[in-house]
Amino acid sequence: MKKDPEQSESGIVNPTFYQELAEDRISIEATEGTTGTDQASALPQLTITRPVYQQEQLNDAYRYRKPKRTKLHHELTDRVRQIDSKTCCSTVFPLLTWLPEYSWSRDLVRDLVSGCTVAVMHIPQGIGYALLANVPPVVGIYMAFFPVLVYFLFGTSRHNSMGTFAVVSIMVGKTVLAYTGTTAEDGESEEQRTALQVATAVGFVVGIMQLIMCLCRLGVISFLLSDTLVSGFTTGAAIHVVTSQIKDLLGLTLPSVGSMFEIIKTYIEIFRQITSVNWAAIIISAITIVVLVFNNEYLKPKVAKRSVIPIPIELIAVIAGTLLSKYLELQEKYAIKTIGNIPTGLPAPSLPDFSLMPSIIIDSFPVAMVGYTVSVSMALIFAKRENYEIGFNQELFAMGAGNVVGSFFSCFPFAASLSRSSIQYSVGGRTQIASVISCGLLAIVLLWVGPFFEPLPRCVLSGIIVVSLKGLLMQVTQLKGFWRQSPIDGIVWVLTFLSVVAFAIDIGLLVGIVLSICCIFFRSLKPYTCLLGNVANTDIYLDTSRYQGLIDYANIKIFHYCGALNFASRAAFKNRLCDTLGINLTEEIKRRKQPDWKPSSAGEQSLKFLILDFTSLTSIDPSAIGTFKAMVREFELLQVTILTAGCQPPVVDNFLRCGLIGDIEKPYCRLFTTVHDAVQHARSELDPIGSSSGNGSTISTITGII
C-alpha cells in the first residue's frame, strides 16, 4: 500500500516518513538476470528499492548534526594531560626511543665499521667543502664534530651523516665573498678571520631561523619542495660547485665575480687566463680524477661483492697527494697551491659577530631551507627502508640547535651529505652511534693529525669534489622521466635548473618554489570535468567520452566536476560547464529575451535538467557560492533546472550557511544524496505518469551485479 508523506505544520516532511518508507520498501533480490554485458549476464543480480532522497530529507531522517569542535583551551588541556615525563623526554631526545632496544652484540660492530668509514670520508670532504665556503680548511673537520654531537642528541634520523654539504657550502661561500671580498688563501690572515666571522654569523642566523620554524610547527613546509624542484635545484647547484673547482683544477687565480651570473662570468675569466694555466696542476688533477673514476666504476662494484667496507679511495688520494707534495716539493718547484695552515686542537668557544646578522638574514633563509629540505629528504628515504618515523619539527629543532651551538665553535651551517649518508647506510650503519664513533676519530685528527695535511694540493681536493658530484650531475637524466610523467613537471625542472645556473642559487630556489606553487594553482584551475552517462540497470555513471554503450537520458545532462570551487576557480568552472554543454549563456539569454524569439530547432529546448555531480568537490567558498547562485538564476531564464548531487558534509554545511539550500519548498538549488537520486527526480518531473510505477520521486530502483 502506497504511503503519503506526512507534513508538519511548517510544511516540512515528517522525518520518520522516509525512514519508515525505507524500512518498508528496501529489498534485496538475488536473481539470474540477463541485464548488462555478456560477461555479467551469468552473475547474480542485485536489486535495491529505496526512497529518492534530497539531502535535507536525508539529514532530517537520520538526524544529521555537525560535530562540535572542542574549545581551544580544552584541547590544550587534554594534550597537556596526555603528556608525561617519559613522553616528553623521548620527544626531546629521540635516542631514548631506540637506545634501550639497541643490540650491542649485533649492531655495535656494524656501527663501528660504518663510523670508521664515514670518518675517513669526512676528512677530504670536510677540507674540500670548507674551501667551497671560503673558510679555513680545518673548519670542515670542526663541522663533522660539534654539530654532529648535537644532532646525535636531538635528531630523529638514524642513518643521516651530518656535516658539510656541497650545496650549502657554496651558498655560504657566496655570502662570505659578498661581505668580505676575499677568499681563504693564506692561513691565519685577517681576511680569513673575517670570512670565518661571516660564516659563523650565517650559522647562528640559520639556527635561529630553524628554531623559530620549529616553534611555529613549520616542519611540513618541506613538502612544498617537490621532487622535481629538488632534482633541478641540486643539479644546477652541482654545476656551480664544479665551476668553482675549475680554477684549482687548472691552477688559476680568478678574481671575485659576485653572485649574480657567476657561472657565465667565471668561464669568461677562465678563457681570458687560459694561457696562464699551471700544467703541473692539470696533470695532478687528471690523474686524481682518472684514479677515482676507475675505482668507482670498476673496482668498487667488484669489492662490494666480497666486502661491505668500500675502498677508502678519497683518503688514499689525500694521503698520497700530501706525501707527493711534501717530498717532491710541488709548491716550491711548480707553484702548486696547497691547503696551508691547519691548527691543532679544538677551537675555543666564541660569540658570533652579531653586528653582521641584520645584513645576512635574507642570504641565510635559502641556506636554512635547503639544508633542512635535503636532510629531511634523505632521512625519509632511510626511514622508509628501515620502518621508523621521522619527526619533521624535531628535525628542525635538532638542526637549529646544532647550528646555534656550532656557530660558537667556528662552524657554518651543516646538513646531511648525500654521498656520506649513502655510504653510512650501505656499509651497515644502524644508528647515530656510528656518528659518535666518527666524531671520536675526528677528534684525534683535530688534536694531533691536522698539520699532516697542510702540504695537500688543492687540485687533488678539487678532483675529489668533482668526482663526488657525479650523482648530482647525473640527475639530469631524470628530466626525461619527469617530462614523461607530466610536461608541467618537466618545465619546472628545466626552469629551476636554468635559473640556478644562469642567475644564482638562491634566485633559482625562489624561482623553483614559485613555479611549484603556480603548478598547484593552475592545476586547480583545470580540474577534471566530463558529461556522465548511465550504465544500464545500475546506479553507475561514467564519462561518456571514455566509455561506450551508456544511456544518455533525454532532456537531462549530468556534469561531473572534480576539484575545489573558490574565488579563483569559479569563473573557470562556469566557462568549462558552458563549453561542455555548448552554450554561450550570456548570448543565449539575450537572444531569448527578444520578443520575436522562437526555437530554431527542437534541440534548443532539449535540455530541461542539468545535474551537477559534486561527489568529488573538495571544498567551496562563499565567493563561489555567490557565483553559483547567479548561474542557477541564469539557467532558470533558459528554463533549465539545476540539481546538485553527492556533496560531502563540509560542502553541504557551506551551502546551508550561504543559503543555497535549506528551504525544501523553494531552494536556490535542490541537493540530492546521489547522482542516481537526482536523475530519478528529474525523470519523474519530466514524466509524472511514469513516476507512479515506483521509479519516480518517491522510489529509486537500482539493479546491479553482486
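This passage walks through the fold, the cores, the strands and the charged pairs of one protein chain.

The structure is a predicted model. Its chain holds 31 helices and eleven strands. Of the 706 residues in the chain, 49% are buried. The outside of the chain amounts to about 34500 Å² of exposed area, and carbon and sulfur atoms supply 61% of that area. Contacts also reach across the sequence: among those between residues at least 6 apart, 79% join residues at least 24 apart.

A good place to begin is the interior. The largest nonpolar core has 98 residues, and the members that touch the most other members are Met171, Val172, Phe233, Val370 and Phe412. Helix α11, which spans residues 190–215, gives this core its largest share, eleven residues. Phe233 offers a view of the packing: leaving aside residues up to four places away in sequence, Phe233 touches Val167, Met171, Val370, Thr496, Val500, Ile505 and Leu509. Separate from this core is a second one of 33 residues, with Leu531, Phe573, Cys578 and Ala624 among them.

Two further residues show how parts of the chain come together. Thr164 lies in the loop between β3 (162–163) and α10 (166–180). Its relative accessibility is 1%, so Thr164 counts as buried. Beyond residues up to four places away in sequence, Thr164 touches Gln125, Gly126, Tyr129, Gly140, Met143, Ser169, Phe412, Ser417 and Arg420. Phe412, named above as a core member, is thus one of the contacts of Thr164. Ser516 sits in helix α25, residues 505–525. With a relative accessible area of 8%, below the 20% limit, Ser516 is therefore buried. The contacts of Ser516, again not counting residues up to four places away in sequence, are Leu224, Ser226, Leu229 and Val492. Leu229 is 287 residues from Ser516 along the chain, yet their C-alpha atoms are separated by 7.4 Å.

The strands come next, with β5 as the example. Strand β5 covers residues 528–534, and six of its seven residues are buried. On one hand, β5 is joined to strand β7 (residues 556–565) by four bridges, the two running antiparallel. In this pairing, Thr529 stands opposite Tyr561 in β7. On the other hand, β5 pairs with strand β6 (residues 541–543) over three bridges, also in the antiparallel sense. Here Asn534 faces Tyr541 in β6. Six residues lie between β5 and β6, which form a hairpin, and Asn537 in the turn has a positive phi of about 65 degrees.

What nonpolar residues appear on the surface? Ile319, Leu323, Tyr327, Leu346, Leu441, Ile444, Leu447, Trp448, Val449 and Phe452 form a patch there, and together they have about 910 Å² of accessible area. Helices α15 (313–327) and α20 (433–449) each supply at least two residues of the patch, with the largest share, five residues, coming from α20. Leu447 belongs to helix α20. Because its relative accessibility is 34%, Leu447 counts as partly exposed.

Charged residues complete the picture. Side chains of opposite charge can pair when their charged atoms come close. The model contains eleven salt bridges. One of them joins Glu297 and Lys470, with an N to O distance of 2.2 Å. This pair links distant parts of the chain, since Glu297 is in helix α14 (residues 279–306) and Lys470 in helix α22 (residues 470–473), 173 residues apart. Both partners are partly exposed: Glu297 has a relative accessible area of 45%, and Lys470 has a relative accessibility of 41%.

A salt bridge also forms between Glu386 and Arg430, whose closest N and O atoms are 3.8 Å apart. Glu386 is in helix α17 (residues 357–386), whereas Arg430 is in the loop between α19 (418–426) and α20, 44 residues apart. Glu386, at 27% relative accessibility, counts as partly exposed, and so does Arg430, with a relative accessible area of 29%. These two residues belong to a network of salt bridges that links Arg106, Asp107, Glu386 and Arg430.

Finally, Lys574 forms a salt bridge with Glu634, and their closest N and O atoms are 2.9 Å apart. The link runs from helix α26 (residues 570–581), home of Lys574, to helix α28 (residues 622–637), home of Glu634, with 60 residues separating the two along the chain. Lys574 is partly exposed at 21% relative accessibility, as is Glu634 at 22%.

Terms used. Residues numbered from 1 in each chain as written. Predicted model: local features only at pLDDT ≥ 70, side-chain atom pairs only at ≥ 80, totals over all residues. Heavy atoms only, no water. Core = buried A, V, L, I, M, F, W, Y, C linked by side-chain atoms within 4.5 Å. Buried < 20%, exposed > 50% of the residue type's maximum accessible area, 1.4 Å probe, protein only. Contact = heavy atoms within 4.5 Å. Patch = residues over 30% accessible without salt bridge, like charges linked within 9 Å, V, L, I, M, F, W, Y side chains within 5 Å. Areas by Shrake-Rupley, 256 points an atom, 1.4 Å probe, with all protein chains shown as cover. Salt bridge = Lys/Arg side-chain N within 4 Å of Asp/Glu carboxyl O. Pairing = 2+ DSSP bridges.
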